[in-house]
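Work through the exercises below with the structure open. Each task is followed by a stepwise solution.

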Amino acid sequence: MNFGKKTEPVKTEPVQPVQDPFIPVKVPALFIRSARVEDKDQILRLGNSIEELKWNLTSPFLTEEELEDYLKYHNHSFVATIAGKIVAFVIGEKSGPLDRLGCIVFLAVALEYRKLGIARALLLECEEDLNTKDMYLLSTSESSTRFYEHLGYREGKTVSYMSKERES
Ligand SMILES: CC(C)(COP(=O)(O)OP(=O)(O)OC[C@H]1O[C@@H](n2cnc3c(N)ncnc32)[C@H](O)[C@@H]1OP(=O)(O)O)[C@@H](O)C(=O)NCCC(=O)NCCS
């Protein structure tokens, strides 16, 4: 989705904590910050534990290399932590012609921390960071479609999604 472009690695230090109005009041110990390369293993563990993130039943949600690439070169990603443990993440990227589209690539919250406003907080943070007029995403389940609709997303009308399975 990034058309093979590589920009300079995003500087991740010093990490500025994101403590702002997006933080849900229901989880006072929650901390939202930019994702770093060192978060890779925790993000992979959490992502791989969530069925809805798999494009199909056999492939992982992202390989280690793909995730590292996102975190190093296209970093519009955030994590939510409680006592240092990552409980949710969002991976965003700019894409499309001239990077004019903001894309939510993956958004996930650990099962035990859902319905507390964490995904909303991460989504808003990522949208702000991408700072594009148009946002898009691929929804992988009815439940996530309902979630995104609740937060203002609508089925695309101007561009249709077409797919083709290829031998890789
Ligand atoms: C979808 C998901 C990210 C939502 O996370 P969450 O932290 O529970 O969501 P929030 O608590 O921030 O919910 C924000 C709002 O959306 C609503 N909402 C959450 N899940 C919803 C759902 N499945 N259907 C409809 N509304 C939903 C909440 O009720 C809340 O509404 P309110 O603020 O008006 O009370 C989470 O269920 C998840 O990780 N699912 C598996 C992965 C996935 O499908 N990701 C999306 C595709 S990449």
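**Exercise 1. Two helices**

Why are helix 1 and helix 2 described as they are: oblique to each other or not oblique? Keep in mind that this is a predicted model.

Solution.
- Step 1. Locate the pair: helix 1 spans residues 40–48, and helix 2 spans residues 64–73.
- Step 2. Take the axes. They come within 10 Å and cross at roughly 125°.
- Step 3. Apply the cut-offs. Over 145 degrees counts as roughly antiparallel, and 65 to 115 as roughly perpendicular. The crossing of roughly 125° fits neither class, so helix 1 and helix 2 are oblique to each other.
- Step 4. Add the hand: the crossing of helix 1 and helix 2 is right-handed.
- Step 5. List the contact. Helix 1 brings Lys-40, Ile-43 and Leu-44. Helix 2 answers with Glu-64, Leu-67, Glu-68 and Leu-71.
- Step 6. Sort these residues by class: four are nonpolar, none is polar and three are charged.

**Exercise 2. Following the strands**

Trace the pairing from strand 2 through strand 3 to strand 4.

Solution.
- Step 1. Start with strand 2 (residues 30–34). It pairs with strand 3 (residues 78–82) in the antiparallel sense, over five bridges.
- Step 2. Find the partner of Leu-30. It is Ile-82 in strand 3.
- Step 3. Move on from Ile-82. It stands opposite Lys-85 in strand 4.
- Step 4. Count the bridges between strand 3 and strand 4 (residues 85–95). There are five, and these strands run antiparallel.
- Step 5. Inspect the turn. The hairpin of strand 3 and strand 4 has two residues between the strands. There, Ala-83 takes a positive phi near 50°.

**Exercise 3. The ligand shell**

Which element gives the largest share of the shell around the ligand?

Solution.
- Step 1. Define the set: 22 residues surround the ligand. The closest are Arg-114, Ala-119, Arg-120, Ser-144 and Arg-146.
- Step 2. Name the elements that give two or more residues: strand 5 (101–109), helix 3 (118–130) and helix 4 (142–150).
- Step 3. Pick the largest share. Helix 4 gives it, with five residues.
- Step 4. Split the shell by class: ten nonpolar, seven polar and five charged residues.

Definitions and conventions
Residues are numbered from 1 along each chain as its sequence is written. This is a predicted model: local features need pLDDT of at least 70, side-chain atom pairs count only at pLDDT 80 or more; totals for chains, interfaces and linings use all residues. A residue is near a molecule or strand if its C-beta atom, placed from the backbone, lies within 6 Å of it. Helices (H or I, at least four residues) and strands (E, at least two) are DSSP runs, numbered from the N terminus. Ala, Val, Leu, Ile, Met, Phe, Trp, Tyr, Cys and Pro count as nonpolar, Asp, Glu, Lys and Arg as charged, and the others, Gly among them, as polar. Axes are lines fitted to C-alpha atoms, for helices over the stretch in contact, and angles run from 0 to 180 degrees between N-to-C directions. Angles under 35 degrees count as roughly parallel, over 145 as roughly antiparallel, 65 to 115 as roughly perpendicular and the rest as oblique. A crossing is left-handed if the near helix is turned anticlockwise from the far one by less than a right angle, and right-handed if clockwise. Two residues are in contact if their C-beta atoms, placed from the backbone, lie within 7 Å. Two strands pair if DSSP finds at least two bridges between them.
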